[in-house]
Number of protein chains: 2
Amino acid sequence: MSERVVMAPPLYMVQKREIIDRFIDEYIPPSDQYPQALHEAIRYSINAGGKRLRPILALAAYEACGGNNEIIYPAAVAVELIHTYSLIHDDLPCMDDDDLRRGQPTLHKKFNEAVALLAGDALHDLAFELMARTGNPDAIRELAEAIGTGGMLAGQMADMEAEGRNLTLEEITFIHTRKTGKLIRGTVRIGGLLAGASTDYIRAITGYGEKIGLAFQIIDDILDIEGDPEMLGKPVGSDSKNLKATFPGVVGLEQSRQSAGKLIDEAIEIVTGVVSQPDNFVQIARFIGGRQN
Amino acid sequence: MSERVVMAPPLYMVQKREIIDRFIDEYIPPSDQYPQALHEAIRYSINAGGKRLRPILALAAYEACGGNNEIIYPAAVAVELIHTYSLIHDDLPCMDDDDLRRGQPTLHKKFNEAVALLAGDALHDLAFELMARTGNPDAIRELAEAIGTGGMLAGQMADMEAEGRNLTLEEITFIHTRKTGKLIRGTVRIGGLLAGASTDYIRAITGYGEKIGLAFQIIDDILDIEGDPEMLGKPVGSDSKNLKATFPGVVGLEQSRQSAGKLIDEAIEIVTGVVSQPDNFVQIARFIGGRQN
């Protein structure tokens, strides 16, 4: 499988990722600060090889809407902390009971369940501490709403309740737009809000965020079937093993590929000709469409 | 044991509790809204008979510093949601593994672990959504810092790590000031910040919050030894059964009673003659000092 063609991330993503990683390191308390076990656990999870897609999207949205100062960085890191918290809690034995994440033992396997529970809580909390630094209550509310019971948490519950059931296209779309989509949608909107974007800009990036958010999760489902385990850092087939509801499970692989491709195209179209700097948005969307891990 | 003399809560607390309960009902999504299981679980926990001490303290601090509009209510409810989230996660099998809370089955016993985990996460999140409504980033940051790894979460980790060990007075004070004290301290400071209080006022209510926060947890430890199970809604002796570090375990019951009484007196002294309306603060402190549940 190693001759599979991999799309290199655009230069914008590579450069921003480096900057994001520096801010992550700055914002998270050092491992030798009490409670050490918790800070070590947090650093273990946050440094486990995430693509930093969400922080990069926050930056791209902020810049696309004319934002140009450092106030975006705490917000960009905040969404990555939220993403990491959701993965840690999702992996726990009472949820998906996963042993591996990105090729490494999951946090509760590496440490223990109590530390994983509290490290997730700590990341959830630190995200809002960072959001508070932006001084923008609208952006803070945007994040809270994206990940609450009207957003990500609704998706996680629906995902659990759907295990082993046959779903309709409407149901699987409901799950995916919430479980993964709402945080990505919220992420670009936070970038726009912090840049003081116009209603037109916000409308365009919201549409973009919704499309790529859903596409991202559909591609996740596809990769769990036909991805390269080495590149994914985890065995494929875990959705099927866990009786997870997936897009290919409802409409088939071919239709899923087509839907994801269409969503990516639509996302690009929505922002092109509206926001002042759509280029990075376009590149990120194409990268998501072609990702292999 | 039923002839034990119980101090009735001051009228201020009774009246404010009613108002708080109305706002809690308004701010929490209805049980028939998706995801129903999560909203039902949240309502089960939040309506399990809490004293609403923290929201009342937020109100008292706000009013003592001259605040007089409704912006305090989302913040007052937020600290109660945080308190409830911390209890739900603390009760989980990987933490204290408690079956009863206020005389009722704990949330993971009533529903299941996954629902309890996510309901805690949802309350944590909703608290920040409500804080965002205050429009005050300083108050939002105050809450995040009070309950993060420099505050409540440090206390929860220290509490776990101390199980079965002999502690010094310094160590048990470290645990109690964080596990319980930091949220109470943060609560009164949020009231002050939202009222736009002067530095002198903030300093006074901070000192008050620190003293009653520590006193509250010492009295909790005392009640777990000599309280009335019927009034507490749970069996006594759970700390000893769980090998929990307690104040009486370190300095004895008599010394614990004296320390709690001294802290209450000092708290009252700190605010008297400084803030413009110290009366409610004084009453609440005396109530905490005499509480039987």
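In this predicted model, the two copies meet through the same surface, because 100% of the interface residues of chain A are also interface residues in chain B. Counting contacts, 37 residues of chain A touch 37 residues of chain B. On the chain A side, helix H2 (36-46), helix H6 (113-133), helix H7 (137-147) and helix H8 (152-161) each put in at least two residues. H6(A) gives the most, with 12 residues. As for chemistry, the side of chain A that touches chain B splits into 24 nonpolar, 7 polar and 6 charged residues.

The geometry of the pair tells a matching story. In general, two copies of a chain are related by a rotation about an axis and a shift along it. Here, chain A lands on chain B after a rotation of 180 degrees with 0.0 Å of shift along the axis, at an RMSD of 0.0 Å. The two copies are thus related as by a two-fold rotation axis. Within chain A, Pro137(A) has the C-alpha nearest that axis, 3.2 Å away. Pro137(A) is also where helix H7 (137-147), one of the helices on the side that touches chain B, begins.

Now for chain A by itself. The chain holds 15 helices and 2 strands. Its C-alpha atoms fill a box of roughly 50 × 45 × 40 Å along the principal axes. A compact globule of 293 residues would have a radius of gyration near 19 Å, and the 18 Å of chain A agrees with that. Of these 293 residues, 54% count as buried. Among the contacts in chain A with a separation of 6 or more, 74% join residues 24 or more positions apart.

Over in chain B, helix H15 (residues 279-290) makes a handy close-up. At 1.5 Å a residue, its 12 residues should span 16 Å, and the end C-alpha atoms sit 17 Å apart, which agrees. Which residues of H15(B) are buried? They are Asn280(B), Phe281(B), Ile284(B), Ala285(B), Phe287(B), Ile288(B) and Gly289(B). An α-helix has 3.6 residues a turn, so residues three or four places apart point the same way. The buried set includes Phe281(B), Ile284(B) and Ile288(B). As for what covers the buried residues of H15(B), the list includes helix H1 (11-27), helix H3 (53-64), helix H10 (199-226) and helix H14 (253-271) of chain B.

How values were computed:
Residues are numbered from 1 along each chain as its sequence is written. Chains are lettered from A and ligands numbered from 1 in the order in which they are written. This is a predicted model: local features need pLDDT of at least 70, side-chain atom pairs count only at pLDDT 80 or more; totals for chains, interfaces and linings use all residues. Copies are superposed by least squares on the C-alpha atoms of residues with pLDDT of at least 70 in both. Two residues are in contact if their C-beta atoms, placed from the backbone, lie within 7 Å. Helices (H or I, at least four residues) and strands (E, at least two) are DSSP runs, numbered from the N terminus. The radius of gyration is taken over C-alpha atoms; the globule rule is 2.2 Å times the number of residues to the power 0.38. A residue is buried if 20 or more other C-beta atoms lie within 10 Å of its own, exposed if 12 or fewer, and partly exposed in between; C-beta atoms are placed from the backbone. Ala, Val, Leu, Ile, Met, Phe, Trp, Tyr, Cys and Pro count as nonpolar, Asp, Glu, Lys and Arg as charged, and the others, Gly among them, as polar. The expected span of a helix is 1.5 Å times one less than its number of residues.
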